[in-house]
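Me: Could you walk me through this model, one question at a time? I would like the reasoning as well as the result.

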Amino acid sequence: MTGNHKDKSITRRRAIAVTGGTVAAGGLAVAGYQAAFADTGTTATDAAATATTTASESAGSCMTLMSSVTEGPYYLDNALVRKDITEGKSGVPLTLRLTVVDATDGCTPVAGAAVEIWHCDAWGYYSGYTTANPGGSAPAESEDGSTADDNTYLRGYQIANANGVVKFETIFPGWYTPRTCHIHLKVHTGGQKEDGTYEGGKVNYTGQLFFADDIAEQIFTLEPYSKHSGSYTTLDNDMVYDGGGASSGLLTLKAVHKKDPSKGYKGFLTLGVDPDAENTGAGSGGGGGGGGEGGTPPSGAPTGTPPSDTPSASASASS
């Protein structure tokens, strides 16, 4: 995929500054998910990120709202409320720390907001669409050897605490033709946790999270990502990412171990939303309307058939 495909008729909203923070490297001795996902309360990283956010907001960098895009054809309703969404899927550990604030009220935290994320696995497959072709050359999704539920892996909700913060434990997403590496998300308010999922309320924001090319391309040389070969789409050539940095969902990433990317990353972003607005992302055409962003994926893109209980792909844009 070459060239950008942007819907210039969509009014882009300016976004608040991304949170930062330095990771306390501290000689991480334990390898694998347990080390990268250890939950030890308020860490040095969390404290630094919070301090950076507070300083940025005080400086008046909280502008208006995040840029919204469409939800994509691979959305499934009724994701589980949980912090760890991996379900045993292999990949480089990724811990996300997202802060939801009200951009219409001085960037005050939106406590109780439900943040929902979903993304593909290391080879480009989405749960619920496991027969879809990720483009290039990749093993069949069933060959990854995990015990993940084909309808729920790498999907989930978290409810924001009093500071508007949610945390997820997942893996670094893979890629598929013609998209760059990304994570989808929605911010919901007004609903409640029920039967293990989130019910009611409304969607205030629909967007995507993105990753710096140099980090993504380094990750994709590692197992199991390296088993998926083909032409990777960089940020500049992605049909959704518009070059707006944090305003368009670009994460700040910190390596758990600078010399060993396989140990994982921590990602930070502050999401400025309007709790009174509604933006489901379905059928809006935002975030680039052409070449593969419609309901029918272009040649080479995933072509799996959505489950019967999901929204029609024709009502949304490319995942």
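Here are my questions, with a reply to each.

Me: What kind of model is this, and how are residues numbered?
Reply: Happy to help: this is a predicted model, in which local features need pLDDT of at least 70, side-chain atom pairs count only at pLDDT 80 or more, and totals for chains, interfaces and linings use all residues. Side-chain values use heavy atoms, with hydrogens and water left out, and residues are numbered from 1 along each chain as its sequence is written.

Me: How many helices and strands are there in the protein?
Reply: Helices (H or I, at least four residues) and strands (E, at least two) are DSSP runs, numbered from the N terminus. From that end, the elements run α-α-β-β-β-β-β-β-β-α-β-β. The count is 3 helices and 9 strands.

Me: In what order do the 4 strands of the open sheet lie?
Reply: Two strands count as paired if DSSP finds at least two bridges between them. Strand β3 (residues 114-118) meets β6 (residues 182-194) over 5 bridges, antiparallel, and 12 bridges join β6 to β7 (residues 197-210), also antiparallel. The open sheet has the order β4-β3-β6-β7.

Me: Which strands are at the edges of that sheet?
Reply: An edge strand here pairs on one side only. The edge strands are β4 (155-159) and β7.

Me: Which residue in the turn between β6 and β7 has a positive phi?
Reply: Next to this turn, Lys-193 stands opposite Tyr-198 in β7. The two strands form a hairpin with 2 residues between them, and a positive phi of about 55° belongs to Asp-195.

Me: Is Lys-186 buried or exposed?
Reply: Lys-186 is found in strand β6. Buried means under 20% relative accessible area and exposed over 50%, with partly exposed in between (1.4 Å probe, protein chains only). Because its relative accessibility is 2%, Lys-186 counts as buried.

Me: Which side chain makes a polar contact with the side chain of Lys-186?
Reply: A polar contact is a pair of N or O atoms within 3.5 Å; within protein, one must be able to donate a hydrogen and the other to accept it, and residues adjacent in sequence count only if both atoms are side-chain atoms. The Lys-186 side chain also reaches the backbone oxygen of Thr-280 at 2.3 Å. The side-chain partner, at 2.8 Å, is Glu-71.

Me: How far apart in space are Gly-207 and Ser-68, C-alpha to C-alpha?
Reply: Gly-207 is found in strand β7 and is buried, with a relative accessible area of 0%. Leaving aside neighbours within four places in sequence, its contacts (heavy atoms within 4.5 Å) are Val-69, Ile-183, His-184 and Leu-185. Gly-207 and Ser-68 are 139 residues apart in sequence, but their C-alpha distance is 5.1 Å.

Me: How many residues does the largest nonpolar core have?
Reply: A nonpolar core is a set of buried Ala, Val, Leu, Ile, Met, Phe, Trp, Tyr and Cys residues joined through side-chain atoms within 4.5 Å. Those with the most contacts inside the largest one are Leu-98, Val-115, Phe-172, Phe-220 and Leu-271. Val-115 also has a bridge partner in β6, Val-187. The largest core has 44 residues.

Me: What share of the residues in the protein is buried?
Reply: The protein has 319 residues. Buried residues make up 53%.
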